[in-house]
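Take a moment with the sequence and the 3D view. We will walk through the fold step by step, then turn to the bound ligand.

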Amino acid sequence: MADYILEMKNIVKEFSGIRALDNVNLKIERGEIHALCGENGAGKSTLMNVLSGLYPFGSYSGEIIYEGDVAQFKKLKDSEEKGIVIIHQELALSPYLSIKENLFLGNEQAKRGIIDWNLTEKKTENLLKTVGLRVNPNTLVSQIGVGHQQLVEIAKAFAKNVQLLILDEPTAALNEEESENLLELMREFKKQGITSIIISHKLNEIVDISDKITILRDGKTIETLEKEDISEDRIIRGRVGRDLTNRYPERKANIGDVYFEVKDWNVHHPIDSNRVVNKNLNLTIRRGEIIGIAGLMGAGRTEFAMSVFGRSYGSQITGKVYKDGQEISVKDVPTAIKNGLAYVSEDRKSLGVNLIMDVRENTTLASLEKVSK
Ligand SMILES: Nc1ncnc2c1ncn2[C@@H]1O[C@H](COP(=O)(O)OP(=O)(O)O)[C@@H](O)[C@H]1O
Ligand SMILES: [Mg+2]
């Protein structure tokens, strides 16, 4: 008989009358890697938040059985004490603290109210070894890339004695090599008997790593696929509710004349101004076109977009920008916006939105003159 570490039964969760979870069922076997799939808004993160106690017992209906007992978590700490750790889609480390300070934040290694930094550092070194991260424990989190930050989050989970590790879109911001390393790490954890739930949109990695897959759609459980039934087509069918005969249907684009041009664009690093980030870049876009900018991490794609968007990145920027054949100024962000540019950042949390303002204020922030006198 299968040994289930977790069963979530008939979970219903509503947000002011809207059903985000509608009788969801999920069964996780001990030691497996179980993927949760579904379109954006299907309810994956909400389900995990219910599990963790972030949405406390009483704010949902249904039953959670964890390690054979009924679980009624009232806060995150309750589930963490039982070894359930969630690593969220948006990383939650403190950028201006060091790795070791982050790892034991809220879990300080202290005696009689005094933090034992030597012990903290020693424990950090061991935890970093567990996740294969070779950096100094005293490095500030802001100085390491997202891939490494992800590993620090996972190390933090291990500082809490994790039994059930939940990763909510862990590879969304990682490049291929970093993603592959992370998946390898998950396989390693599995050997150590740790159970994992992974939420991801990347079908190839889900197919590759999962023992089982549960598909959610519109807050409902559609099905759980066993290893032998897992395939990309099957997942897509479950996610959208019909067969996709043509995953990339042909589209007729209405391409017009040259509309937007960037010529001889040069950008240097904002602090280390000797470092060239973009060198003599040229780009021509026609009306109605969608242009993809490809390249490895660090190739300068974001830096290019941000520097064109009102010099919001870089130093010693030179080059010209044209719209409809006329040179336009992008000397600062207000001017770029006035000239019709908009930029949706890759880092929504720190560059995209103002988190302490509401949706209405955020959406109108860049165009106040349209809504006020
Ligand atoms: N705090 C919230 N308040 C209101 N609605 C929410 C909240 N969190 C999620 N929802 C809604 O619940 C549904 C499921 O969201 P979510 O669990 O984030 O989906 P997923 O993680 O699968 O993309 C969505 O319709 C979303 O808009
Ligand atoms: Mg989500």
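Strand 9 (residues 164–168) and strand 10 (residues 195–199) run parallel, and five bridges join them. Look for Leu165: in strand 10, Ser196 stands opposite this residue. Keep in mind that this is a predicted model.

Now zoom out to the whole sheet. It is open and has six strands, in the order 6-9-10-3-11-12. The pairing is mixed. Which strands form the edges? They are strand 6 (84–87) and strand 12 (220–226), and each pairs on one side only. On average, neighbouring strands of this sheet are turned by 15° against each other, direction ignored. Helix 5 (residues 146–159) packs on the sheet. This helix touches strand 6 and strand 9, and its direction makes about 170° with that of strand 6.

Next, find ligand 1. Which part of the chain gives the largest share of the shell around it? Helix 1 (residues 44–52) does, with three residues. The residues around ligand 1 include Phe15, Glu39, Asn40, Lys44, Ser45, Thr46 and Tyr55. Some contacts are polar. An oxygen atom of ligand 1 is 2.7 Å from a polar backbone atom of Gly41. For a polar backbone atom of Ala42, the distance to a ligand 1 oxygen is 3.2 Å. Lys44 uses its side chain: an N or O atom there is 2.8 Å from an oxygen of ligand 1. Taken alone, ligand 1 exposes 560 Å², and the protein buries 58% of that.

Finally, step back to the whole chain. The domain assignment gives domain 1 (4–240) and domain 2 (258–342). Their centres, taken over C-alpha atoms, are 37 Å apart.

Definitions and conventions
Residues numbered from 1 in each chain as written. Chains lettered and ligands numbered in written order. Predicted model: local features only at pLDDT ≥ 70, side-chain atom pairs only at ≥ 80, totals over all residues. Heavy atoms only, no water. Domains from an automatic or database assignment. Pairing = 2+ DSSP bridges. Helix = DSSP H or I, 4+ residues; strand = E, 2+ residues; numbered from the N terminus. Axes fitted to C-alpha atoms, helices over the stretch in contact; angles between N-to-C directions. Contact = heavy atoms within 4.5 Å. Near = heavy atom within 4 Å. Polar contact = N/O pair within 3.5 Å; in protein donor to acceptor, adjacent residues only side chain to side chain. Areas by Shrake-Rupley, 256 points an atom, 1.4 Å probe, with all protein chains shown as cover.
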